[in-house]
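Me: Could you teach me how to read a protein structure, one feature at a time?
Reply: Gladly! Let us look together.

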Amino acid sequence: MDSHNQDLKNGHENNHVSKKLKPSIWISDSEINDEFSHHEPGTARINNGSFGSCPSSILAAQQQWQLKFLCQPDDFYFNHLQKGILESRTFIKNLINADDVEEISIVDNATTAVAVVLQQIGWAFNEGRFQKGDAAVMLHYAYGAVKKSIQAYVSRAGGYVIEAHLPFPVRSNQEIITEFRKALEKGKSNGGKIRLAVIDHITSMPSVVIPVRDLIQICREEGVDQVFVDGAHSIGSIEVNVKEIGADFYTSNFHKWLFCPPSAAFLYCKKSNIQSELHHPVVSDKYGNGLALESAWIGTRDYSSQLVIPSVLDFVNRFEGGIEGIRKRNHDAVVEMGEMLAEAWGTNLGSPPDMCSSMVMVGLPVSLGISSEDDALRLRTHLRERFSVEVPIHYQEVKDGEIGGQNMNSCLITGYARISHQVYNRVDDYEKFRDAINQLVRDGFTCKMLLTS
Ligand SMILES: Cc1ncc(COP(=O)(O)O)c(C=O)c1O
């Protein structure tokens, strides 16, 4: 197939987004280096997961929006802002296969989306639609801000909160499904209703792809009122098709895995009568016009990170296969690098490859003596400061009863690194990490040493 036909073919297969003519030559390594030349030289950035990354061509497009505002703010406010945001919402609707653009709001980040949904739950308790003792279920590995929001909006209003304890390392979706069912049983055991389930699509730490469709189906069978999927890491790293997923609410960040500048996220709210109960926590004169319009004006600020969203298509379509191609190559590469590291250190991955996205958990050598979350954080800092490797470390508590399980070695591992792969990463980045850990092991390093240094 010649390159032009190949381009058209890839355009057709490229997700649900509108098509543009594709370049006849895919982006080269040196062009990728140029796009990310603002990254600190010499640092192995294998942590795209935390804050994402943004290429310079999208930063330039963002600056055009900023200048458009500064050039004539009144004209921008009256004639361009809402039109631009509607264009971004339409792009998102197509990207995630939503039914209607009215289901899409753009907010700053996943943390804000959580606040929107949970505020509505809090009001339902306070206004007597939910009774004290009604339950909310979330994963034990829910993100810290999500857990705090549940505390702020649900526990405080009298809700009963249950955590589904997920096994880690995890070997199959079934292990997750079993634990989730147990949590729902517990939620119903005090006689109340389960009003909300918050389910991660990809947990943050440890990072695992959760079988959301199965869990949501179980929620429906068990009569859970509302299901909210926290997909902070999902868009750009795994497929997001909200119609197939079937949640009431779904959020994902654009700044993590879809190359947008910080920060922008969408909140999808399936059409229903709950939609009118949702409000942005920052109230402007748009209050009462629906969440999408409320979110599109929360006072004077820089909206450029929301307006630039459709421009990511120009960037991703420079790569063979567009978004899907990038996703697949990132997944394959991160699994390959994870397996290379695990083999070098005599450890294992935290989950099978099909439960990984563009992030993989890799067991660290036991001799490093990681025995608390503080140790994990100190080791991360040490890797940054001494070796210029940026990678988050997860502390995995080993409970007495677990030692002697099926895989003795994985039961003893108390530290896992969460490695990411994004288009700018090279094999050297992972080799640098491998060598740093090997050096520490050779030196007889343990995390205790960081206490005295
Ligand atoms: C699972 C999960 N939820 C929510 C968030 C919050 O994202 P943000 O800081 O962009 O609001 C994160 C951030 O890493 C996350 O991993």
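Reply: We begin with burial: a residue is buried if 20 or more other C-beta atoms lie within 10 Å of its own, exposed if 12 or fewer, and partly exposed in between, with C-beta atoms placed from the backbone. Take Glu336, which is partly exposed because 15 other C-beta atoms lie within 10 Å. Residues are numbered from 1 along each chain as its sequence is written. This is a predicted model, where local features need pLDDT of at least 70 and side-chain atom pairs count only at pLDDT 80 or more, while totals for chains, interfaces and linings use all residues.

Me: In which helix is Glu336 found?
Reply: Helices (H or I, at least four residues) and strands (E, at least two) are DSSP runs, numbered from the N terminus. Glu336 is found in helix 15, residues 322–345. Its C-alpha atom is 9.9 Å from that of Val427, although 91 residues separate the two along the chain.

Me: What is Arg434 in contact with, leaving aside its neighbours within four places in sequence?
Reply: Two residues are in contact if their C-beta atoms, placed from the backbone, lie within 7 Å. With those neighbours left aside, Arg434 is in contact with Leu341 and Ala344. Arg434 belongs to helix 18 (residues 427–442), and its 18 C-beta neighbours inside 10 Å make it partly exposed. From Arg434 to Ala342 there are 92 residues in sequence, yet 9.2 Å in space, C-alpha to C-alpha.

Me: How many C-beta neighbours does Leu412 have inside 10 Å?
Reply: Leu412 has 13, so it counts as partly exposed. You will find Leu412 in helix 17, residues 408–412. Between the C-alpha atoms of Leu412 and Pro365 there are 9.5 Å, with these positions 47 residues apart along the chain.

Me: Is Trp65 buried or exposed?
Reply: Trp65 is buried, because 21 other C-beta atoms lie within 10 Å. Trp65 sits in helix 4. If we leave aside neighbours within four places in sequence, Trp65 is in contact with Ser304, Leu307 and Val308. Ile104 is 39 residues from Trp65 along the chain, and their C-alpha atoms are separated by 21 Å.

Me: Where do the buried residues of a helix point?
Reply: An α-helix has 3.6 residues a turn, so residues three or four places apart point the same way. Now try helix 7 (residues 144–155), where Val146, Ser149, Ile150, Tyr153 and Val154 are buried. Seen down the axis of helix 7, these buried residues fall within an arc of 105 degrees, so they line one face of the helix; the arc is that of the directions from the helix axis to the C-beta atoms. Among the elements covering them are helix 6 (110–126), strand 3 (135–139), strand 4 (160–164), strand 5 (194–200) and strand 6 (226–230).

Me: At what angle do the axes of helix 4 and helix 5 cross?
Reply: Two packed helices are described by the angle between their axes and the distance between the axes. Axes are lines fitted to C-alpha atoms, for helices over the stretch in contact, and angles run from 0 to 180 degrees between N-to-C directions. The axes of helix 4 (residues 56–71) and helix 5 (residues 73–96) come within 5 Å and cross at roughly 115 degrees. That makes helix 4 roughly perpendicular to helix 5; angles under 35 degrees count as roughly parallel, over 145 as roughly antiparallel, 65 to 115 as roughly perpendicular and the rest as oblique. Lys68, Phe69 and Leu70 of helix 4 make the contact with Pro73, Phe76 and His80 of helix 5.

Me: What should I look for in the backbone?
Reply: Most residues other than glycine have a negative phi, and most peptide bonds are trans. Asn97 has a positive phi, near 60 degrees, and is found in the loop between helix 5 and strand 2 (104–107). Phe259, in the loop between helix 11 and strand 8, also has a positive phi, of about 65 degrees. Phe259 counts as buried because it has 26 C-beta neighbours inside 10 Å.

Me: Which residues does a cis peptide bond join?
Reply: One such bond joins Phe168 and Pro169, with omega about 0 degrees. Pro169 lies in the loop between strand 4 and helix 8 (173–189). The bond from Pro262 to Ser263 is cis too, with omega near -5 degrees.
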